Structure formats: C-alpha cells, structure tokens
Amino acid sequence: MNKQVKPDEREEQQPEQSKYVVEKNEAWRAFGLVSAIGIDLAICTVGGTLLGQWLDGLLGTSPWMLLLGILLGLTAGIYGITKLIAVFNSDAKK
C-alpha cells in the first residue's frame, strides 16, 4: 500500500518546503536584529553612564558629566542601531 508520488506532485511539494525554510531564516534574522539593537543600545548607554560617573568623581562636576555621558551613550547607541538596520535592509534586498 505504498503511495507513489507522481513527478508533478513532487514539484508542488518542493516550493512549500523551501518557502518554510526561507520564512524560518527570516524569523531568525529578525530575532538577531532585535537582539543586536537591544544589546547595542544597552551597552552604549551603560558605557556612557559609567564614563560620566567616573568623570564626575575625577572632576567633581556632579551630575553634569553623568548627564553628558548618558546623552552621548544614547547617541552612540542610536547611531549603531541605524548602521545595523542599514546592513539588515541591504541584505534583505538581495
């Protein structure tokens, strides 16, 4: 009772499987992009905060260097995010 598959039925099954693989890859790429965005923004902001605190302790300018560090960290994070999205979009167009 083996079911024999006709050649034209095999061709119909192949695109569905490859479509699933492509969708799965796109989901992982999107997950990777979102993770990279979060990590990039967090590291830049924490780095700017720590640098600002250190400079405040060194110069005695509390809280101005801390605020400047936070702003510079956020700016660097947003810049990094725009670069990541640009790379993701150029890869998606291919």
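Select Leu66 to begin; this residue is found in helix 2 of a predicted model. Leaving aside neighbours within four places in sequence, Leu66 is in contact with Thr49, Gly52, Gln53 and Asp56. Now add Trp54 to the selection. Leu66 and Trp54 are 12 residues apart in sequence, and their C-alpha atoms are 8.2 Å apart in space.

Next, display the whole chain as a cartoon. The chain has two helices and zero strands. Helix 1 covers residues 7–59, and helix 2 covers residues 64–93. Among contacts between residues at least 6 apart in sequence, 61% join residues at least 24 apart.

Remain with helix 2 and select the C-alpha atoms at its two ends. How far apart are the end C-alpha atoms of helix 2? They are 44 Å apart, which agrees with the 44 Å that 30 residues should span at 1.5 Å a residue. Then colour the buried residues of helix 2, which are Gly69, Gly73, Gly77, Gly80, Ile81 and Phe88.

One of these, Gly73, leads across to Thr45. Select Thr45, whose place is in helix 1. Is Thr45 buried or exposed? Thr45 counts as buried because its relative accessibility is 19%, and the cut-off for buried is under 20%. Not counting residues up to four places away in sequence, Thr45 touches Gly73 and Leu74. Show the side chain of Thr45 as sticks: one of its polar atoms lies 2.8 Å from the backbone oxygen of Leu41.

Proceed to Ile37, also to be sought in helix 1. With a relative accessible area of 22%, Ile37 is partly exposed. Which residues does Ile37 contact, once its neighbours within four places in sequence are left aside? They are Ile81, Leu84 and Ile85. Of these, Ile81 belongs to the buried residues of helix 2. Add Ile78 as well: Ile37 and Ile78 are 41 residues apart in sequence, yet 8.8 Å apart in space from C-alpha to C-alpha.

Turn now to the loop between the helices and select Ser62 and Pro63. Ser62 is found in the loop between helix 1 and helix 2, and Pro63 lies in that loop too. What kind of peptide bond joins Ser62 and Pro63? The bond is cis, with omega at about -5°. In general, most peptide bonds are trans. Ser62 is exposed, as its relative accessible area is 58%. Measuring from Ser62 to Gly52 in the viewer gives another pair to inspect: the two are 10 residues apart in sequence and 9.0 Å apart in space, C-alpha to C-alpha.

Then switch to a surface view and select Leu51, Trp54, Leu58 and Leu59. These residues form a nonpolar patch on the surface. Together they have about 470 Å² of accessible area. Within the patch, pick Leu58, which lies in helix 1. Leu58 counts as exposed because its relative accessibility is 55%, and the cut-off for exposed is over 50%.

Finish by keeping the surface of the whole chain in view. How much accessible surface does the chain have? The total comes to about 7,700 Å², of which 67% belongs to carbon and sulfur atoms. Buried residues make up 14% of the 94 residues in the chain.

Methods:
Residues numbered from 1 in each chain as written. Predicted model: local features only at pLDDT ≥ 70, side-chain atom pairs only at ≥ 80, totals over all residues. Heavy atoms only, no water. Patch = residues over 30% accessible without salt bridge, like charges linked within 9 Å, V, L, I, M, F, W, Y side chains within 5 Å. Areas by Shrake-Rupley, 256 points an atom, 1.4 Å probe, with all protein chains shown as cover. Salt bridge = Lys/Arg side-chain N within 4 Å of Asp/Glu carboxyl O. Helix = DSSP H or I, 4+ residues; strand = E, 2+ residues; numbered from the N terminus. Buried < 20%, exposed > 50% of the residue type's maximum accessible area, 1.4 Å probe, protein only. Expected span 1.5 Å × (residues − 1). Polar contact = N/O pair within 3.5 Å; in protein donor to acceptor, adjacent residues only side chain to side chain. Contact = heavy atoms within 4.5 Å.
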